[in-house]
Every structure is written in structure tokens, then in C-alpha cells.
Amino acid sequence: MATSLTSFRDDALIALDNLADRASGLVHPTVRLGVTGLSRAGKTVFISSLVHNLLHGGRLPLFEAARSGRLSSVRLEPQPDDAIPRFQYEDHIQALVRERVWPDSTRAISELRLTLQFQSASGWGRFFSAGKLSIDLVDYPGEWLLDLPLLGQDYRTFSNKTVELARGGIRHELAKDWMALAESVDPAAPADEMTARRLAEAFAAYLKACKSDERSLSTLPPGRFLMPGDLDGSPALTFTPLPNLGETRFEKGTLGAMMERRFEAYKSVVVKPFFREHFARLDRQIVLIDALQALNRGPEAVQDLERALSDVLACFRPGSNSLLSSLLGRRIDKVLVAATKADHLHHESHDRLEALTRRLVDRAVERIGMAGAGIDVMAIASVRATREATVRQDGESLPVITGTPMAGEKINGEIFDGNRKTAIFPGDLPVKPDSFFKEPPASPEEGAPPPINIVRFRPPSVEENTGGIQLSVPHIRLDRALQFLIGDRLA
Ligand SMILES: Nc1nc2c(ncn2[C@@H]2O[C@H](COP(=O)(O)OP(=O)(O)OP(=O)(O)O)[C@@H](O)[C@H]2O)c(=O)[nH]1
Ligand SMILES: [Mg+2]
């Protein structure tokens, strides 16, 4: 009874939220664009460059409203949600453009409103929309989406799944300390705060180790254990899955009961509010993935990325699961999966990166048995830190990229100082993506593709033209992404 009452209340709240959004949308059309991706995927850089290009009249030939000169003004406005931190655009641009360093990592949700005034292409459209559209850009960690499956699990199921994963493959090694501790406690023993804390810390350390392992394992839930924010140390974040729980109910006052209650608290104070208050209100979504990094780390990392991507995409297409679909509210009608940082490759490989990403998305979609309609795929660079050139060597011409490697980057034993430019041959992606998707993954001897040279370059210098007007940040295909995501709303 209690559970059905809770989910009923969730439904009711969502209906209200959406109604309120729709009502204000009639007076003032807005589109809420979610920008997500796992940490370091490029969310902050994407939003900063998008806004900079729109504010500074950047080169956006594939964004129809800009190309045809129908955008009459673009400006930042105070974002409408009082409880969400503002996306600190000015700070990020200061870093990128003035200091030529990449902006700091951001660990929570933030939002920015951009309002465009435009000439409608049709008279009818102008009458209804008054030629004004606000875009609310919402930056949130992809890790939070990976928590969705927890809502359909009880504490035992969650424990069994997590423990089973931790017993296999690379994770086995990383989980040793936590598993030893978890196996040493008795769920039927009296609950004890210090034991709970030690267990939770060991579990969080295991999750962090998976994340930072150079074999690039994708994240496991609960997502907030990696980025606790202001919930750090709260009971909702002080629990752990346990092995060998059996079937019998936990007695009151036992460690097992305490863990179970806290797991439920995590769902109700962390997971549900996020989906209800933030996710359910999105109209469009871009998911950024660092496919290049995974490709570079080899087939196992690619498969891991595919798994994470399936979990993320499952949130956008809840299918027939009614509990989840009611919590997810209205349907996001367009999702773009973008492989970022394409400027690490010569343009000849951009289409290959796109094809590889498409293959990854197709497989992820198939894995969860959903329809791929409304999902598009692109390879982009929010900020192009490199330029292209050709080097002649032994009568052959090699396509290279040039840029300023970040201070401390090492190429062929040489350490760069952050000022000197250089050219590198990044290597080519294979024409056929098959080699990345072999099961079991191919080893180099069996024809696994050679790694790509990935050098971390500084952001480019953005010049001012003779009139002292600042030019916009260079990018690759950002305009195409923009056209897909909001082009129809400016018709
Ligand atoms: N060359 C290049 N590097 C990029 C680009 N976008 C992101 N990067 C690199 O990726 C790093 C992470 O980018 P962010 O935008 O901070 O990523 P994020 O998803 O906001 O990361 P968190 O805030 O930690 O979740 C940057 O520091 C850059 O080194 C791009 O378009 N080109
Ligand atoms: Mg960020």
C-alpha cells in the first residue's frame, strides 16, 4: 500500500510540473535541452562553445536560422529555476578564450538560459511564436542516469547484482578490499554506525578505482557515491551492498535492516527527485561520449562504453515499464549522441568516427530492445584545438594535425612547455568498424586496430578582428548538432 501511494504522489507531481511548463511555454516558447555525458566527456566545453558561437555570430553554416540571417538577437537571460545553480558561462569562457586553459571539472547540475529572437520563416509561425525562443541548457552528470535501474530493484537484488559484477574480470582485483570487509560482517548482527561507515567508504573506493582504472571501466551505480556533493556523509550515502544475504527478512535493529533502509532512502532522496524535478522536464537531449578515448584503449573499453550507453539511452525510451515511464514524464523527442573531441583526428577520419559511433549506438539500442527512432549520431568537436596540415616524408604526404600541446605533454620522449606548437600524425581510424566489436575482443596480434595518437592540446587562440570584435571559438560540426537539436523550433 505504502509503495503505491508513493508512486501515485510522484505521478501527480509530474503532471503538475509539466502543466506549469506547458502553460508558460504558450506565452513564451522554451525548449529545455539536456546536456549530459559521463565525467570528462565534454559537457562544459560544449555548452560554453555553443553559447559563445551564438552570441558572437560564429560560423554556423549548417544551422539554418543563422545561415539565412533570420536570427535577429541572441542574449543570455537569468535562468528561471531558483534552486538550480547557474552554469557559470563567463568563468568557463574566461578560461577557454582568455587563458587558453580547459575549464575546471563541474560535478553537479547547472543551467543557463539563452533567448533567441528570430524572423519566422512563415507568417503563421510568427503569429504564434512571436519569433522568440528561450533555450534552457541543463548540464548534468551522465552518472546520475545510471541510477535509474535502481528504482526497479530492492536491496537484495541490488546487492546480488553488484556483488556478482565485482567477482568477475578486471573488477575482481579492484573489489578485493571492499569484498573482504563485506564478507567479514554479519547482516544479522546489531546495526553499528562505524561499521556502516567503513563499509560504505570501502565500497566507494572500489567504485572510484573502477572509474579511474586506465582500462576505462564505465561507471556503476549508485552514481552519487562518486560525486556526493552536499549529501556527503548523510545516511542515504552510507550503505553498501552485501554478499550472501539469503531470503529471510532482516530483523529490526540489524545491520542488514539498516543497509536496506538506507538503500531505499537513496532512491527516494537522490534518485527520484532528480528524475522528477530535472529529467522529466527535458524536451531534447544531447549525450556526449568520448568514443575516441575508448577506441584508443581497445575493444574491451569499447564494449564497456556500449554497456554504459545502453543504460543511458534506456532512460530516454522507458518502453512499457509503467513505473519508470510515469516517473520519466513527457517524452524527449530528439536525442543526439555525439562523439566529442573529433579535432584529435584529421578530417578524413571524422566520418569514420561517426560510423563507429553509429555502430555503438545501434548495438546499445539493440541490447535494450528499444526503437532507435529520434536518435541521431554525429562526430563533433565543441572546440577545435588543432588545425590540419600535410607533411611530406620520403616522397609520401601524410595528413597531420597541428596545435599547442599542453604543458607537460610528452611526445616521443620530448616534454612540451605549453607554448611551443607541433604537428603530429594522429593515425587513421579503420574504414570498417568491425574490429572494435569482436567477441571476445581481438588482441593486437589478432588484428585489433592500432591505437590513435591522442595528444592533449591547449584550447586555440581566438583572435579579435580589426574592429576589435572578438571572433568566436572554432569548432567542428557544432552547427549541425544545433540544427538537429533546435532547428525545427526556429522554423
Ligand atoms: N581537443 C578538444 N578537447 C576537448 C573538447 N571538449 C572537451 N575536451 C577535453 O575534455 C576535457 C573535459 O571537458 P569538460 O567539458 O570539462 O567535460 P565535462 O563533461 O564537463 O566534465 P565534468 O565536468 O568533469 O563532468 C577538457 O578539459 C578538454 O581537455 C574538444 O572539443 N576538443
Ligand atoms: Mg563539466
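Is leucine 305 buried or exposed? Leucine 305 counts as buried, because its relative accessibility is 14%. Here buried means under 20% relative accessible area, exposed means over 50%, and partly exposed lies in between (1.4 Å probe, protein chains only).

This is a predicted model, in which local features need pLDDT of at least 70, side-chain atom pairs count only at pLDDT 80 or more, and totals for chains, interfaces and linings use all residues. Residues are numbered from 1 along each chain as its sequence is written, chains are lettered from A and ligands numbered from 1 in the order in which they are written, and side-chain values use heavy atoms, with hydrogens and water left out.

**The magnesium ion**

Start with ligand 2, a magnesium ion. Its protein donors are Thr44 (OG1) and Thr106 (OG1), which lie 2.0 to 2.1 Å from the ion. Donors are N, O and S atoms within 2.8 Å of the metal (3.2 Å for Na, K and Ca); water is not among the atoms, so sites may look incomplete. The two threonines come from distant parts of the chain, 62 residues apart. Threonine 44 sits in helix H2 (residues 43-55), while threonine 106 sits in the loop between helix H4 (89-99) and strand E3 (110-118). Helices (H or I, at least four residues) and strands (E, at least two) are DSSP runs, numbered from the N terminus. Threonine 44 is buried, because its relative accessibility is 8%. Threonine 106 is partly exposed, with a relative accessible area of 31%.

**Ligand 1**

How many residues surround ligand 1? There are 20, and the closest are Lys43, Thr44, Ser105, Thr106 and Asp343. A residue counts as near a molecule or strand if one of its heavy atoms lies within 4 Å of it. The table gives three polar contacts, each a pair of N or O atoms within 3.5 Å; within protein, one must be able to donate a hydrogen and the other to accept it, and residues adjacent in sequence count only if both atoms are side-chain atoms.

| Residue | Part of the residue | Distance to an oxygen atom of ligand 1 |
|---|---|---|
| Lysine 43 | polar side-chain atom | 2.8 Å |
| Valine 45 | polar backbone atom | 2.8 Å |
| Arginine 456 | N or O atom in the side chain | 3.2 Å |

**A pocket**

The second largest pocket holds about 630 Å³ of space. It is lined by 26 residues, and the closest to its centre are Arg384, Arg387, Val473, Pro474 and His475. By class, the lining has eight nonpolar, 10 polar and eight charged residues. Ala, Val, Leu, Ile, Met, Phe, Trp, Tyr, Cys and Pro count as nonpolar, Asp, Glu, Lys and Arg as charged, and the others, Gly among them, as polar. On a 1 Å grid over the protein atoms alone, a pocket is an open set of points where a 1.4 Å probe fits, with protein on both sides within 12 Å along at least five of seven lines; lining residues have an atom within 4 Å of a point. Grid points are joined across faces, edges and corners, and a volume is the space filled by probe spheres set on the points.

**Buried places and pairs in space**

Helix H15 (residues 478-486) is mostly covered, with seven of its nine residues buried. Among them are Leu478, Phe484 and Ile486.

Leucine 305 belongs to helix H12 (residues 299-316). Its C-alpha atom is 9.9 Å from that of leucine 38, although the two are 267 residues apart along the chain.

Threonine 240 is in the loop between H9 and H10. Threonine 240 counts as buried, because its relative accessibility is 0%. The C-alpha atoms of threonine 240 and alanine 196 are separated by 7.7 Å, with their positions 44 residues apart along the chain.

**Backbone details**

The peptide bond from proline 221 to proline 222 is cis, with omega near 0 degrees. Proline 222 is in the loop between helix H9 (193-212) and helix H10 (255-277).

Arginine 40 is not a glycine, yet its phi is positive, at about 70 degrees. Arginine 40 lies in the loop between strand E1 (30-36) and H2. Aspartate 394 also has a positive phi, near 50 degrees. Aspartate 394 counts as exposed, because its relative accessibility is 79%.
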